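User: I am in my first year and would like to take a close look at a single part of this structure, with the reasoning spelled out step by step.

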Amino acid sequence: MKKIIYLLLVSLAGIFQSCLLSEKKINIEVSGQAQIDTAEGSCPYLTKDNKGNIVLSWIKKIDSSTSVYCYAVSTDKGKTFGKAIEIPGSNNVFPHGENMPKIIFKPSGEIIVVWGAANPNPKNAYSGLVYYSQSFDEGKTWSKVTQLVNDTDGIDQRYFDVALLPNGEAAIVWLDNRKNTTKEGSALYFAETTGDSGFKNERLINEPCCPCCRTDLFVDSKKNIHVLYRAIINDSIRDMMHTISTDNGKIFSAPARISNDNWVINGCPHTGPAIAENKNGIQFAWFTGGGKAGVYYCNSKDEGKTFSTREMVSGVLARHCQLTSIDDDVVVVWNENFLTGHKTSSRIGIEIRNADGKNPVKQFITSVTGTATFPAIKTMDDKTALVAYTESVGDKDYVKYKVVSL
């Protein structure tokens, strides 16, 4: 009898905990423009500096034909931001929410900023190039702007991502026109820094890839390097692929689909994937049109050997998801279109799942009638994250942010 009562109490405790998770509310604490002045801006990106402070970077519009890349640091968890630092020589930056510029802070104190520029040419009118600059004095001065690829055959590099490696160096992945196959698409490349010499030792790690979707580079708590990208499979299917390196990027595993969506499309989705980690493994979010269109979620508890069955996060008119974990809860953000009468709006959605990826709670954090797109999210501590996005006001764009508390 005592055993039966004990099992009943355990069962009730589990149900109670499940109810608590399913009733979790999202509390929006702060909302405001992240810009230092009233200038237009777009393409927000979030990271942390080598002191643990949250950093927001964006593209600041100078005039109708010129923009510049800049960033600001918050020392009070997103309540306020310091003076915007503009990157000299970045006025060739091309504003593109799927190919947003990025900034990375090495433990050594070195700062590296990376951005994309347009490179239209007879072979590809939509080609781009990737540039970067380094600072060794906390952003006071910057090195000469360097092109990521010096090979004259390299006319198109875009949709890059950066991450810190376990040894304190920085790594970058990107999509490149230089490939070993005649099939449609791009190749996926990887390179890393060595000391203060910038990105070196580039190498092709997979092909063919969808040439217009953002990649994601992630280093987990076990020091494994993960890369997520949209592949072109059997000349027609554009599904998300995962590959992993357990030797600091020297060798990457054979790519595996995180979900057999079988999305057949002869076009450019312009919406990439996202990766995060919690105590139960690697978490994924992505958009697909395979089956019912929308943003989906799945996870892997064995470093990408197997993946859980996908679960839909958004409505069908959603794109541009990002992902993080807060105290092991999984948090997904995305933008989603809505039609009210004859007017279309775009809102930022946010969904929280428990550590097992279950009991989703969803709400929208921007105006019903506004136009907010391309959200970025970064965990600040075990209770809060910062969400930044581009919001259109009339014919002008501004970068705004909210602090989300769970």
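Which residues have the most contacts inside the largest nonpolar core? Please start from there and describe the strands around that part in some detail.

Analyst: Before anything else, please keep in mind that this is a predicted model. The largest nonpolar core has 34 residues, and those with the most contacts inside it are Tyr71, Ile103, Val114, Leu148, Ile172, Trp174 and Phe199. Strand β7 provides the largest share of this core, namely six residues. As a general background, nonpolar side chains in soluble globular proteins tend to be buried together.

Let us take Phe199 as one example from that list. If its neighbours within four places in sequence are left aside, Phe199 is in contact with Ile112, Val114, Tyr132, Leu148, Ala170, Ala171, Ile172, Ala191, Glu192 and Thr193. Among these partners, Val114, Leu148 and Ile172 should already be familiar, since they also appear among the residues with the most contacts inside the core.

Strand β7 deserves a closer look, and it covers residues 111–118. Seven of the eight residues of β7 are buried, so that the strand is mostly covered; "buried" here stands for a relative accessible area under 20%. This strand belongs to an open sheet of four strands, whose order is β6-β7-β8-β9 and whose pairing is antiparallel. The edges of the sheet are β6 (102–105) and β9 (146–147), each of which pairs on one side only.

We can now follow β7 to its two partners in turn. On one side, β6 and β7 pair in the antiparallel sense over four bridges, and Ile103 has Val113 in β7 as its bridge partner. Ile103 is also one of the residues with the most contacts inside the largest core. These two strands form a hairpin with five residues between them, and Gly109 in the turn has a positive phi of about 105°. On the other side, eight bridges join β7 to β8 (residues 128–135), and the two strands run antiparallel. Within this pairing, Ala117 has Leu129 in β8 as its bridge partner, while Ile111 stands opposite Ser135 of β8.

Strand β7 also has a part in a pocket. The second largest pocket has a volume of about 500 Å³, and it is lined by 30 residues, of which Asn124, Tyr126, Ser127, Asp156 and Arg158 lie nearest its centre. The elements that give two or more residues to this lining are β7 and β10, and β7 gives the most, with three residues. Sorted by class, the lining of the second largest pocket has eleven nonpolar, 13 polar and six charged residues.

The other element named for that lining, β10, leads us to a second core. Tyr159 is found in strand β10 (residues 157–164), and phi of Tyr159 is near 55°, a positive value in a residue other than glycine. Because its relative accessibility is 1%, Tyr159 counts as buried. Tyr159 is included, together with Leu175, Phe190 and Ile225, in a second, separate core of 24 residues.

For a contrast, consider Lys223, whose phi is near 75° and is again positive in a residue other than glycine. Lys223 lies in the loop between β14 (216–219) and β15 (225–230), and because its relative accessibility is 53%, Lys223 counts as exposed. Reading Tyr159 and Lys223 side by side, you find a positive phi both in a residue that counts as buried and in a residue that counts as exposed.

Finally, strand β6, the edge strand met above, also connects this region with the largest pocket. About 920 Å³ of space lies in that pocket, and of the 35 residues lining it, the closest to its centre are Tyr45, Leu217, Phe218, Ile275 and Lys378. At least two residues of this lining come from each of several strands, including β2, β6, β10 and β14. By class, the lining of the largest pocket has 21 nonpolar, seven polar and seven charged residues.

Note on methods. Residues numbered from 1 in each chain as written. Predicted model: local features only at pLDDT ≥ 70, side-chain atom pairs only at ≥ 80, totals over all residues. Heavy atoms only, no water. Buried < 20%, exposed > 50% of the residue type's maximum accessible area, 1.4 Å probe, protein only. Pairing = 2+ DSSP bridges. Core = buried A, V, L, I, M, F, W, Y, C linked by side-chain atoms within 4.5 Å. Contact = heavy atoms within 4.5 Å. 1 Å grid on protein atoms, 1.4 Å probe; cavity = no way out; pocket = protein on both sides within 12 Å on 5 of 7 lines; lining within 4 Å. Points joined across faces, edges and corners; volume = space filled by probe spheres on them. Nonpolar A, V, L, I, M, F, W, Y, C, P; charged D, E, K, R; others polar.
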